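Work through the exercises below with the structure in view. Each task is followed by its solution.

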Amino acid sequence: MEKALDGVRVLDMTHVQSGPSCTQILAWLGADVVKLEATSGDITRQQLRDIPDVDSLYFTMLNCNKRSITLNMKSDRGKELFTELLKSSDVLVENFGPGAVDRMGFTWERIQEINPRLIFASIKGFGPGRFADCKAYEVVAQAMGGAMSTTGFEDGPPTVTGAQIGDSGTGMHLVAGILAALFQRVQTDRGQRVTVAMQEAVLNLTRVKLRDQQRLAHGPLKEYPNAEFGDEVPRSGNASGGGQPGWAVRCSPGGPNDYIYIIVQPPGWPRIAELIGRPELAEDPEWSTPEARLDKLDKMFALIEEWTQQYSKWEVMDKLNELTVPCGPILSTKELIEDETLAELGAVVDVKHPDRGEFKTVGSPLKLSDSPVAVETSPALGEHNGEIYAELGLGESEISELKAAGVI
Ligand code: CAO
């Protein structure tokens with residue numbers, strides 16, 4: 001079946017997580033993604049290995065549906081071959097440390113000379129200016145994009161979130177930029193430079209906290225559980241952060257993830273009050289309106305928790321959904337990977353890997369009716385050297401010589 005990005009060739013020089021998360025989505029949308037690695041390979045092939053001498057899950061879960069070639073970009077012949085690869089590519093993606101591609105000899109000006117239709121997409125930690133030369137990892141971006149200062153409880157330290165908003169969050173932003181550039185190229189017939197800074201991607205996802213920073217000038221943030229406010233947005237534990245109050249309350253049997261997150265919308269309150277055996281609170285002027293409840297949200301959720309603790313999180317979910325109260329059980333990683341519904345949806349899929357056997361990964365969250373995704377294994381290092389270099393006109397003996405010389 002045809003795919004949305006059929007005919008698009010992506011030269012993928014990405015490594016670790018942020019860049020590979022982007023190019024994996026492009027591959028799932030149908031692009032031919034050729035991952036170009038140093039002869040030593042993407043470092044994550046070896047990081048956090050669970051099976052000796054087998055590509056790690058870190059690598060396999062971020063590099064599905066790609067082809068792999070090796071190329072030593074610090075050799076003269078490597079640079080020549082790279083120039084040829086650029087000519088036959090639509091998109092070049094990289095997330096090296098600042099200046100690395102320039103140091104390889106391929107400035108944006110040079111790249112445009114080689115292929116004016118090429119879209120050159122990069123992830124860096126920061127935009128131009130003060131931090132432009134700084135390297136960055138996931139948590140650096142969470143720290144400097146506003147996520148850490150706003151995550152956790154008021155009396156605890158700044159806290160990292162498990163969702164990789166700095167790496168994969170930036171990767172998803174880059175996907176949007178690349179697709180827009182491909183679309184604009186249809187009109188202009190020109191490539192363009194696409195860049196996303198991890199700090200700015202996290203900031204984009206922390207937008208509502210900057211909303212609250214500005215609201216602080218006009219008084220306390222009444223929906224926050226905090227008693228006092230200074231001049232910056234405090235950490236607010238499990239408060240919903242939106243216009244409707246929410247909290248994670250305990251359920252039976254009391255394990256570390258036996259919690260459910262409950263949102264109390266205005267029309268939901270009388271139904272919840274009835275359900276938890278306190279129907280009088282629906283009419284009581286001290287409790288009946290959102291404004292009346294605002295200064296006692298902790299008491300409100302404590303009352304709800306007295307009730308939820310009698311049931312499992314799934315039972316509570318069923319009961320609340322019957323009343324159309326939005327809620328979500330806190331699901332552990334074990335529950336997610338074993339979840340039958342997610343498996344049926346293709347959200348968690350089994351993939352066969354030639355060396356490790358079957359492994360589970362997260363499927364594409366993008367569902368296009370005319371461009372279905374079949375998740376296929378990540379490639380071995382240099383697995384596609386033969387076919388890709390043959391496309392450039394190299395014969396078998398030349399490919400062997402290049403390998404012996406450490407060029408590929
Ligand atoms: N052939 C030869 N050399 C190659 C090569 C190839 N095919 N591919 C890469 N290299 C070289 C580069 O030329 C560079 O060498 P120089 O520094 O001598 O120019 C080096 O490998 C790569 O450097 P790096 O700075 O990217 O790698 P690092 O391990 O020191 O830093 C990271 C890693 C992630 C901090 C850095 O790449 C970075 O800041 N990237 C941008 C932000 C980002 O994406 N971070 C998220 C990472 S995911 O958690």
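**Exercise 1.** Find the polar contacts of the ligand with Ala38, Leu71 and Lys74.

Solution. A polar contact here is a pair of N or O atoms within 3.5 Å. Start at Ala38: a polar atom of its backbone lies 3.4 Å from a nitrogen atom of the ligand. Next, a polar backbone atom of Leu71 is 2.8 Å from a ligand nitrogen. Then take Lys74, where an N or O atom of the side chain is 2.9 Å from an oxygen atom of the ligand. Finally, the ligand taken alone exposes 940 Å², and the protein buries 80% of that (Shrake-Rupley method, 1.4 Å probe).

The model is predicted: local features need pLDDT of at least 70, side-chain atom pairs count only at pLDDT 80 or more, and totals for chains, interfaces and linings use all residues. Residues are numbered from 1 along each chain as its sequence is written, and side-chain values use heavy atoms, with hydrogens and water left out.

**Exercise 2.** State where Met144 is found and whether Met144 is buried or exposed.

Solution. Met144 belongs to helix 6, residues 138-144 (a helix is a DSSP run of H or I, at least four residues, numbered from the N terminus). Its relative accessibility is 33%, so Met144 counts as partly exposed (buried is under 20%, exposed over 50%, partly exposed in between; 1.4 Å probe, protein chains only).

**Exercise 3.** Place Gln265 and give its C-alpha distance to Thr324.

Solution. Gln265 sits in the loop between strand 8 (259-263) and helix 10 (268-275) (a strand is a DSSP run of E, at least two residues). In sequence, Gln265 and Thr324 are 59 residues apart; in space, 9.9 Å from C-alpha to C-alpha.

Notes
A polar contact is a pair of N or O atoms within 3.5 Å; within protein, one must be able to donate a hydrogen and the other to accept it, and residues adjacent in sequence count only if both atoms are side-chain atoms.
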